[in-house]
Amino acid sequence: MRYPEGGGLTAERRAFREEIRLEAGCRFAAGEKTAVIARDLRVSVRSVERWRRAWREDGMEALRSAGPANSPTVTDAQFAVLEEELGKGPSAQGFDDERWTLARVQTVIHRRLRVKLSVPTVWRLLRRHGWSWQAPSRRAMERDEHAVELWKKGGLAAGKSLAAACGGWIVFEDEAGFSMTPPRARTWGRRGHTPVIRVRGRSRRRTSVAALCCYKPGEKSRLIHRPRAHLRLKGARKSFSWQDYRDLLVRAHIQLGGPIVVIWDNLNTHLAAGLKRYEAEHDWLTTIRLPAYAPDLNPVEAVWSLVRRAMANTAFDTPDDLDRVLRRELRRIQLRPHLIEGCLTATGLAINPPTPP
């Protein structure tokens with residue numbers, strides 16, 4: 001008799017084992033010797049002896065399969081408790097770093113729920129409840145979550161009310177730098193041979209881009225940007241000045257055709273005295289600062305992710321190639337308002353007109 005292939009005790013394998021035991025029971029009734037049965041069925045003598053004892057006590061029914069073993073399970077209510085424990089983080093559970101591995105989750109399940117599960121069972125349990133293996137994002141330890149929640153309720157609400165009252169736009173601003181060395185992305189290659197992307201090893205050329213994501217209920221979302229190439233001159237400025245930000249905001253005011261409420265971070269250039277003075281002299285401009293260390297509240301950060309994803313593994317020969325790809329990708333996003341709206345959705349914020357009292 002040929003044993004079914006495959007790992008694990010499947011239904012087919014259980015049926016096959018039952019068939020062998022029943023055949024051995026028929027031979028027990030015929031008076032055959034244990035060694036002969038073990039040789040013919042290709043099983044051990046000890047197994048045949050165990051089957052013979054069970055046959056003597058309960059007959060042929062003792063040789064039938066009892067079905068799959070009942071493995072320990074975790075109910076939905078127990079998983080809710082487990083998820084609460086996992087939400088506290090690995091450090092709170094006594095582990096050295098902030099990584100949840102299957103073995104660590106297995107330990108928490110046994111410690112908190114008093115249930116012993118194998119590592120494959122833990123994997124299936126997490127997958128069934130929507131968990132997956134993924135790379136974590138970084139967040140500054142200095143971030144004040146309470147201040148972020150207060151800003152969502154107060155700062156953003158004030159900006160929305162002000163924009164709605166003056167018929168203006170809510171504008172998020174951020175800046176980023178891009179170099180001749182492209183970001184890396186996964187690609188297929190032969191196992192054992194790491195793919196190689198050749199880049200300029202000594203290039204110091206960088207391009208900074210300041211961008212505005214503009215939102216207004218009832219209007220298509222807009223993206224306005226301004227690039228700045230870093231000049232390789234001694235003493236040359238390598239970042240945007242407050243005059244550059246002023247000119248960008250003036251350009252946005254002209255293109256949008258209305259007042260703007262600018263929401264940006266606490267960069268020292270944003271707090272320059274000249275920029276504050278310019279804001280005080282023009283009633284179409286209002287600025288609101290984001291909480292410290294809260295880039296996840298700025299939809300422009302998602303714009304940079306889209307641009308870098310499109311530039312991944314791209315080898316730039318000259319600085320002009322870098323500028324050309326940057327302009328092309330930003331233009332692609334400009335022509336797709338749903339991408340700009342998706343960047344806002346990723347922050348968890350909503351730009352809606354305030355409800356009347």
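This is a short conversation about a buried strand and the largest pocket of a predicted model.

Guide: Local features here need pLDDT of at least 70, side-chain atom pairs count only at pLDDT 80 or more, and totals for chains, interfaces and linings use all residues. Residues are numbered from 1 along each chain as its sequence is written, and side-chain values use heavy atoms, with hydrogens and water left out.

Visitor: Why is strand E4 called mostly covered?

Guide: Buried means under 20% relative accessible area, with exposed over 50% and partly exposed in between (1.4 Å probe, protein chains only), and five of the five residues of E4 (260-264) are buried. Strands are DSSP runs of E with at least two residues, and helices are runs of H or I with at least four, numbered from the N terminus.

Visitor: How do you know that both faces of E4 are covered?

Guide: In a regular strand the side chains alternate between the two faces of the sheet. Ile260, Val262 and Trp264 lie on one side of E4 and Val261 and Ile263 on the other, and all are buried.

Visitor: What makes E4 and E5 a pair?

Guide: Two strands pair if DSSP finds at least two bridges between them; five bridges join E4 to E5 (residues 285-289), and the two run parallel, so they meet the definition. One of the bridge partners is Thr286 in E5, opposite Val261.

Visitor: What makes the lining of the largest pocket mixed in class?

Guide: The lining has eleven nonpolar residues (Ala, Val, Leu, Ile, Met, Phe, Trp, Tyr, Cys and Pro), seven charged (Asp, Glu, Lys and Arg) and six polar (the others, Gly among them).
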